[in-house]
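Biologist: I'd like to learn how to read helix packing and single residues in a model. Can you walk me through it?

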Amino acid sequence: MVRRPVAWIVAIVLFVEAFGIAAVNWFLGVVVDRQDMSLAGLDPDMMSTSSKIGGIVFGLYFAFCGLVALLVALRDRAPAGFGRVLLISAAVVHALLGAFAWGLLGPAEFVFMVVVLALIVLLLMTYDSPQEPADAAPGDKGDGGPAKEGNGTGPVTSPPAPTTP
């Protein structure tokens, strides 16, 4: 049973977005190559090649982010280390793309970027809370509350404050 489907949704969305970004940039590179026109003196072959390379790089970036989200879904654990940083950077990229989309494309594209941003943030926040131990009683969350008899642990208290003479 899937307890937190948000990781699966984020993984699917990022994989689809990776393919879409790569395909659109590849298509734009082909269009520039077939037009054989110069834009402000720039070489059309260079523009075509850079569009294709950019599409591949960003496609791989979003695919790698999707892989991190897929691993989060499969392991049912929070992303850690580089994976967490990668998902945070994907959230920042979607926030920036949303801001640009509002000005250049329109509100529909902005809403899509904000939805993907919200899904990534939801993924990061959903797995952020500490997990409850499996052997804990329903009333005991393992947070140092009342101890069960016989296990030798009690509430943790801080040491007394130091006093000055």
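Modeller: Sure, start with a pair of helices: H3 (residues 82–104) packs against H4 (residues 107–126) at an angle of about 160 degrees, with the axes 8 Å apart. This is a predicted model, where local features need pLDDT of at least 70, side-chain atom pairs count only at pLDDT 80 or more, and totals for chains, interfaces and linings use all residues. Residues are numbered from 1 along each chain as its sequence is written, and side-chain values use heavy atoms, with hydrogens and water left out.

Biologist: Why is H3 called roughly antiparallel to H4?

Modeller: Angles over 145 degrees count as roughly antiparallel, so H3 and H4 get that label. Their crossing is left-handed, that is, the near helix is turned anticlockwise from the far one by less than a right angle.

Biologist: Which kinds of residues make up the contact of H3 with H4?

Modeller: They divide into 17 nonpolar, two polar and two charged. Among those in H3 are Leu87, Ile88 and Trp102, and H4 brings Phe110 and Met113, among others. Contact here means heavy atoms within 4.5 Å.

Biologist: And serine 51, buried or exposed?

Modeller: Buried means under 20% relative accessible area, exposed over 50% (1.4 Å probe, protein chains only). Serine 51, in helix H2 (residues 44–75), has 15%, so it is buried. A polar atom of its side chain lies 3.5 Å from the backbone nitrogen of glycine 29.

Biologist: What about valine 16?

Modeller: Valine 16 sits in helix H1 (residues 6–35), and at 56% relative accessibility it counts as exposed.

Note on methods:
Helices (H or I, at least four residues) and strands (E, at least two) are DSSP runs, numbered from the N terminus. A polar contact is a pair of N or O atoms within 3.5 Å; within protein, one must be able to donate a hydrogen and the other to accept it, and residues adjacent in sequence count only if both atoms are side-chain atoms. Axes are lines fitted to C-alpha atoms, for helices over the stretch in contact, and angles run from 0 to 180 degrees between N-to-C directions. Angles under 35 degrees count as roughly parallel, over 145 as roughly antiparallel, 65 to 115 as roughly perpendicular and the rest as oblique. Ala, Val, Leu, Ile, Met, Phe, Trp, Tyr, Cys and Pro count as nonpolar, Asp, Glu, Lys and Arg as charged, and the others, Gly among them, as polar.
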